[in-house]
Amino acid sequence: MQPRKHQTAPIFAPKTPAPANPIPSSSPAFGTPAHSLKPFAIAPPTKATILPILLPPATLRPLAFRTFTKKHSLTLTSTALQELATFIGRHCGSGWREEGLAEKVLEEVAKSWKNRNGGVIVDGASNELKDILKTLEGNMTGGRIVTGRELNRQNSLVLDSSQEVDQTNTRLGIRPIKNLTRDDSNTSFGMSALGVAEEEEVDDEGLNHPRKWLKVVGANDQPRLLYNVTKKHFEKDSSKPSLMPPASHKTTLFRNRYNVIHQRLLRNESFQSSSVATTKAAPSLKRSASSNLTTQQNYKITPIANLLGRHGSHHMLLGLLSVLPTGNLAISDLTGTISLDVAHAVAIPEDSAWFTPGMIVLVDGVYEEEEESTGKGLGNSNGVGGIIGGRFQGFFIGQPPCEKRKATLGVSGPDDHTIGGGFGWIDFLGVGSERAVGAKMRKLEQRLTRSSSSTQSSTLDPEAAAQPTCARVVVVGELHLDQPRALQALRKILALYAAEPEGRAPVAFVLAGNFTQHAVMAGGGASGGSVEYKEYFDALASALADFPTLLQSATFVFVPGDNDGWASSFGAGAAVPLPRKAVPDLFTSRVRRAFAAANADAGEKKGGAGEAVWTSNPARLTVFGPAHEIVLFRDDMAARMRRTAVRLKASKPGLGDNPEDGPPAPAPGHGLPTTANGAGDDDDDDDVDMANALDSTDAMDVDSAPPATNANANARAEGEVPHDVRSARKLVKTVLDQGYLCPFRHAIRPVHWDHASALHLYPLPTALVLADPTAPPFCITYEGCHVMNPGALLVAGRRGVARWVEYELGGTGRIRECLF
């Protein structure tokens with residue numbers, strides 16, 4: 001008979017022997033286990049066996065065409081198709097078609113390619129595709145891409161579901177969804193860094209305000225892009241920028257400018273030859289009797305090197321205006337240089353733009369060879385240095401036609417539907433490309449502006465609801481802090497906006513330099529030095545501190561001028577290299593302290609705390625990503641063009657302006673006239689129809705301005721365009737047609753070669769703030785780009801009058817004045 005074993009209640013756990021090396025409990029009083037817990041044995045996931053197959057590229061081509069070309073607007077090369085076919089055959093096996101494995105792999109590769117901004121053409125030899133396939137290979141199990149849910153089933157104690165998705169997206173080259181913020185948008189070159197999901201709306205309370213989607217992009221923060229002629233696409237410059245680069249970078253600067261304008265011309269209908277309609281007459285820039293080009297005329301650009309041996313032939317050249325060592329004018333392109341004679345040249349349209357050395361222009365004329373090419377000293381054109389013998393007799397000269405922003409980005413329609421082509425997938429500013437996030441940003445803008453307007457209309461009376469909303473930008477130009485009257489005018493302007501109802505204050509205030517009349521850092525003016533320069537900004541801080549509501553709800557952007565530090569310490573007020581950096585923090589500490597004090601008193605607000613941004617010159621202001629792009633630039637461009645312009649023959653007496661003379665002094669109350677149709681009063685005037693040189697261009701629109709004087713009223717009654725209106729249109733057309741903020745010789749306006757991409761205006765921005773006190777104030781729309789010039793803050797010749805520009809996002813600006 002066996003002894004009876006002692007039975008214990010099942011509620012008591014059996015005793016387990018202690019391990020050989022017991023670890024004492026860290027907190028025995030709280031009943032923590034006396035021994036460390038044994039970790040879970042996590043078995044690696046078992047991979048299903050896949051039998052690799054040899055998949056011909058021709059078999060995969062239909063499926064790849066539907067996924068890449070039709071769905072994602074990408075083009076596969078033969079090498080890329082071969083790489084994908086090899087990858088799918090190795091990792092998906094025989095079930096690549098029946099189980100739909102290949103379609104998911106192709107979809108993931110296409111998304112990752114666009115996230116990395118690989119371009120429209122998918123090249124199999126590129127490192128981006130190899131990296132995508134390598135990371136995708138590590139996330140495949142049994143021919144399928146492992147998602148976050150499947151990883152969670154395998155090991156639920158490693159990561160939560162959101163972290164799994166972010167980790168998987170990071171490995172695949174996709175940005176994490178949860179941690180997307182606007183701060184890291186400058187490192188994004190692919191889809192978007194704005195944090196907007198594809199199927200979700202923004203529910204964060206802090207993002208339900210337009211100012212939270214405002215970003216200031218400095219010149220040094222913009223992606224440096226170069227146009228690749230072979231791929232016909234923009235590529236990111238991989239070289240490290242330097243302030244003292246090799247001389248080859250100067251050639252790259254000119255080549256990139258020429259290639260961008262050349263491809264823009266080739267996209268124009270007037271420069272696309274037709275195989276059906278041909279014309280026997282030589283193409284010319286001359287207009288027909290109807291003031292428009294005939295439909296049968298097609299232009300063809302001739303390289304300068306192709307002029308040799310073609311004496312007396314008619315050609316059209318596209319090149320850079322330059323000055324030879326002998327002082328003669330010449331035109332250069334990528335193939336050579338030839339002497340240019342513009343003694344009989346007429347601008348097309350008449351007197352519509354400036355032509356200065358350093359601009360890329362179109363010249364129509366006849367090539368003439370020289371009979372004797374020796375014994376002429378420096379003027380000898382014998383082909384040395386790329387100079388073609390002979391000369392080019394120009395008869396017509398014009399600016400290269402501009403291209404609208406929607407045409408460049410390949411979008412059209414009221415909802416900006418894609419029409420194919422263009423550079424919509426290129427992220428020009430690091431805030432997301434137009435094709436990727438443009439439509440989403442516009443929907444978000446409509447939702448936020450509609451919700452804010454509905455809230456205001458429900459709480460206020462109808463008259464208050466009709467007032468302007470917060471989607472405005474106030475631009476103040478030429479703010480001289482060393483003038484006490486300038487601070488008084490600024491106080492008056494800020495008081496007007498501070499008196500508006502809460503929630504209606506503008507989202508941004510742009511204050512442009514020069515912040516001093518003279519280059520005080522170089523000892524200019526009555527007293528100079530860094531101490532006095534800092535005292536001026538301290539006075540500005542005391543003026544801003546009187547309006548805490550604006551400091552709490554708006555973004556103040558400060559754009560420096562040539563007289564501001566540190567550049568003015570060695571430039572002494574002369575033209576310094578562009579782009580130039582912001583005013584150093586050493587002088588602006590008191591202003592930042594005023595913003596910090598105002599935000600500390602306000603606490604948390606719906607729109608977030610206000611801020612002061614000291615940016616470069618030029619700079620970009622983006623609102624809702626690529627939906628609104630505003631270029632901020634401070635330069636005396638009008639005066640520089642008048643000094644350096646080339647004199648041309650005027651076909652009408654009294655029509656051409658003398659470049660040596662400036663505009664007449666403005667009379668009291670002088671401003672731009674307000675036109676009903678935005679294009680002038682006389683349809684037969686060349687300045688009114690100034691963009692009719694090509695069929696694809698539109699006439700300029702002159703927006704509202706202060707009332708005109710009696711002299712201007714009489715001029716309009718007589719059918720003449722006032723001088724200020726004509727000069728403003730002339731300046732705007734020149735800058736936008738050039739697509740470049742510094743179309744001058746480097747000896748006149750230096751440029752940092754490695755940062756010249758920040759000066760390009762391609763694609764055209766939605767708005768351009770050209771703070772130029774040497775030009776009359778204006779608000780003009782040309783080819784869909786709204787250009788504004790606030791002029792100087794203190795109106796010359798009118799005591800106690802301040803002037804500024806108020807711009808409504810997506811609309812137009814208007815010049816405002818007040819008494820102080």
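Visitor: What makes the six strands S19-S18-S17-S16-S26-S27 an open sheet with mixed pairing, and which strands stand at the edges?
Guide: In this predicted model, the six strands follow the order S19-S18-S17-S16-S26-S27, and their pairing is mixed. The edges are taken by strand S19 (611-614) and strand S27 (813-819). Each has a single partner strand, so one side of each is left without a neighbour in the sheet. On average, neighbouring strands are turned by 20° against each other, direction ignored.

Visitor: How do you know that strand S16 and strand S17 pair?
Guide: Two strands pair if there are at least two bridges between them. Strand S16 (residues 472-476) and strand S17 (residues 508-512) are joined by four bridges, so the criterion is met. The two strands run parallel. Val475 has Val510 in S17 as its bridge partner.

Visitor: Which helix lies across S16 and S17, and at what angle to S26 does this helix run?
Guide: Helix H11 (residues 484-498) does, and it also lies across strand S18 (555-559), strand S26 (801-808) and S27. H11 runs at about 40° to S26. In the loop between S16 and H11 lies Glu478.

Visitor: What is notable about the phi of Glu478?
Guide: Glu478 has a positive phi, about 50°, although this residue is not a glycine.

Visitor: Why are H2 and H4 called roughly parallel?
Guide: Two packed helices are described by the angle between their axes and the distance between the axes. For helix H2 (residues 78-91) and helix H4 (residues 127-137), the angle is about 10° and the axes are 11 Å apart. Angles under 35 degrees count as roughly parallel, and H2 and H4 therefore earn that description.

Visitor: Which residues of H2 and H4 meet, and how do they divide by character?
Guide: From H2 come Ala80, Glu83, Leu84, Phe87 and His91; from H4 come Leu129, Leu133, Leu136 and Glu137. Six of the residues in this contact are nonpolar, one is polar and two are charged.

Visitor: How many cavities of 30 Å³ or more does the structure hold, and what volume has the largest?
Guide: There are eight cavities of 30 Å³ or more. The largest has a volume of about 180 Å³. Its lining has 15 residues, and the closest to its centre are Leu225, Phe428, Ser757, His760 and Tyr762. The lining divides into nine nonpolar, four polar and two charged residues.

Visitor: Which peptide bond joins Tyr762 to Pro763, cis or trans?
Guide: The bond is cis, with omega about 0°. Pro763 is in the loop between helix H18 (723-738) and strand S23 (767-771).

Visitor: What is the omega of the peptide bond from Ile348 to Pro349, and where is Pro349?
Guide: Omega is near -10°, and this bond is cis. Pro349 sits in the loop between strand S11 (346-347) and strand S12 (360-368).

Technical notes. Residues numbered from 1 in each chain as written. Predicted model: local features only at pLDDT ≥ 70, side-chain atom pairs only at ≥ 80, totals over all residues. Heavy atoms only, no water. Axes fitted to C-alpha atoms, helices over the stretch in contact; angles between N-to-C directions. Contact = heavy atoms within 4.5 Å. Parallel < 35°, antiparallel > 145°, perpendicular 65-115°, else oblique. Nonpolar A, V, L, I, M, F, W, Y, C, P; charged D, E, K, R; others polar. 1 Å grid on protein atoms, 1.4 Å probe; cavity = no way out; pocket = protein on both sides within 12 Å on 5 of 7 lines; lining within 4 Å. Points joined across faces, edges and corners; volume = space filled by probe spheres on them.
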